[in-house]
Amino acid sequence: MAEYLGKKVVIVGLGLTGLSCVDFFMARGVTPHVMDTRLVPPGSDKLPDDVACHTGSLNTQWLIDADLIVASPGIALATPELQAAADAGIEIVGDIELFCREATTPIVAITGSNGKSTVTTLVGEMAKEAGWQVGVGGNIGIPALELLKQPCQLYVLELSSFQLETTYSLKAAAATVLNVTEDHMVRYPDGLSQYRAAKLRIYDQAKVCVVNEQDALTLPEAGKDSRCISFGVDSGVYQLESGRQQLVVNHQSLLETRQIRLTGQHNYTNGLAALALADAVGIPREASIQALQTYPGLEHRFQVVHMRNGVRWVNDSKATNVGSTQAALSGLTLEGTLYLLLGGDGKAADFTPLQPYVSGNNIRLYCFGCDGNQLAQLRPEISMLTETMEQAMREIAPKLMTGDMVLLSPACASFDQFNGFEHRGHEFARLAEELG
């Protein structure tokens, strides 16, 4: 465990994670300084009175005087003030690094452009089914440092590329990069290779690496090594046999997809990844299978929110990037027409990889938000452009027939018109009830 007593610690960024860092240091006899570029950051009202807080900008003097800077994942290391501190030799870490220095229990670490919340939660459910005390958090739910307060036999962490940039001591018992597709390109000016490099840090000291047989970008930098276990569709040690619709491990049939509560090909491969991680840390297989059969999935992730007259309304609002929408559309079959809602803030992404997925005859695109026009260019002849998602849904509703699906899988962030993907998903569900 690291020693922080007597050190000048500066925490950059408040919110739940920032507060967990403050709490961590206060419990160790260190009173940190806190700063946030927002004028009234969330959590500022919960700071202890003796914690100095600078808001509205970064306090350069505090940064230069620090012995240790704990940076929020939302603050890029390339920010000039942080870069100047790094150049001055000041150590910069994130909350996950603080966690890894303290944790003595095995860690399952999960990253990827898409599916990581589902896989993280599912591995946690597998451990709970086995009767294990498990702490699930990180980029999802509970900040990692909060997990240290409870006794655990296993930690399961969802980690973003931003969190991995400031993590150096992670020694995962099992780690995975589920997939790598363009996301957060504004943060990564050097493009996909820079984003991928951040993700691959999860493997650096991992005992087992679970890799995606269909995505070479998920392999460690030096390629497959003896630590690697693969999953995939019709290939890999853990595979979805698409013909028989079965999950198979080492050529042994384990479960039919109809027995799994999750739906969609991308969710079956998420299940395989979770199973591989669970096996790697010794979770009994029976418990993992039971969890696969009962776990309903997460809200806003390919979630059927309304079904009437043979029409399904599916909320996949968490699809905030192109890869996530590709995953939703991959292997999707239905009798009727797919009405696909696309739009929002594309975060400077290239939408053209979606073209093969929207090329069929039984699909119609309804595009909205600040990048709606760009998305409509994927297939202008079958696209309708509206200002808002609600307008699009009201256009769709009278056209629906048995066998159709209305799918919100927008390939974009939501902040141009909503408070977040959850807000967008709840609005979709509300309107589905009304219009369906």
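I'll go through two parts of this structure, helix 5 and the second largest pocket. Keep in mind that this is a predicted model.

Helix 5 first. It covers residues 116-129, which is 14 residues. From the first C-alpha to the last it reaches 20 Å, close to the 20 Å expected at 1.5 Å a residue.

How much of helix 5 is buried? Eleven of its 14 residues are, taking buried as under 20% relative accessible area, so the helix is largely enclosed by the rest of the structure. The buried stretch runs Lys116, Ser117, Thr118, Val119, Thr120, Thr121, Leu122, Val123 and Gly124, and then there are Met126 and Ala127.

What do those buried residues pack against? On the strand side, strand 6 (107-111), strand 7 (134-138) and strand 8 (154-158). Among helices, helix 8 (192-200), helix 9 and helix 10 (285-294). After helix 5 comes Gly131, with a positive phi near 85°.

Now the pocket. The second largest pocket holds about 430 Å³ of space. There are 23 lining residues, and the closest to the pocket centre are Leu262, Thr263, Gly264, Tyr268 and Phe302. Two elements give two or more residues to this lining: helix 9 (265-280) and strand 15 (303-308). Helix 9 has the largest share, with three residues. So helix 9 comes up twice today: it lines this pocket, and the buried residues of helix 5 pack against it.

By class, the lining has ten nonpolar, ten polar and three charged residues.

Where does the pocket lie relative to the domains? Domain 2 (97-294) and domain 3 (303-435) both give residues to the lining, so the second largest pocket lies between them.

Methods:
Residues are numbered from 1 along each chain as its sequence is written. This is a predicted model: local features need pLDDT of at least 70, side-chain atom pairs count only at pLDDT 80 or more; totals for chains, interfaces and linings use all residues. Side-chain values use heavy atoms; hydrogens and water are left out. On a 1 Å grid over the protein atoms alone, a cavity is a set of points where a 1.4 Å probe fits but cannot get out, and a pocket is an open set with protein on both sides within 12 Å along at least five of seven lines; lining residues have an atom within 4 Å of a point. Grid points are joined across faces, edges and corners, and a volume is the space filled by probe spheres set on the points. Helices (H or I, at least four residues) and strands (E, at least two) are DSSP runs, numbered from the N terminus. Ala, Val, Leu, Ile, Met, Phe, Trp, Tyr, Cys and Pro count as nonpolar, Asp, Glu, Lys and Arg as charged, and the others, Gly among them, as polar. Domain bounds come from an automatic or database domain assignment. The expected span of a helix is 1.5 Å times one less than its number of residues. Buried means under 20% relative accessible area, exposed over 50%, partly exposed in between (1.4 Å probe, protein chains only). Contact means heavy atoms within 4.5 Å.
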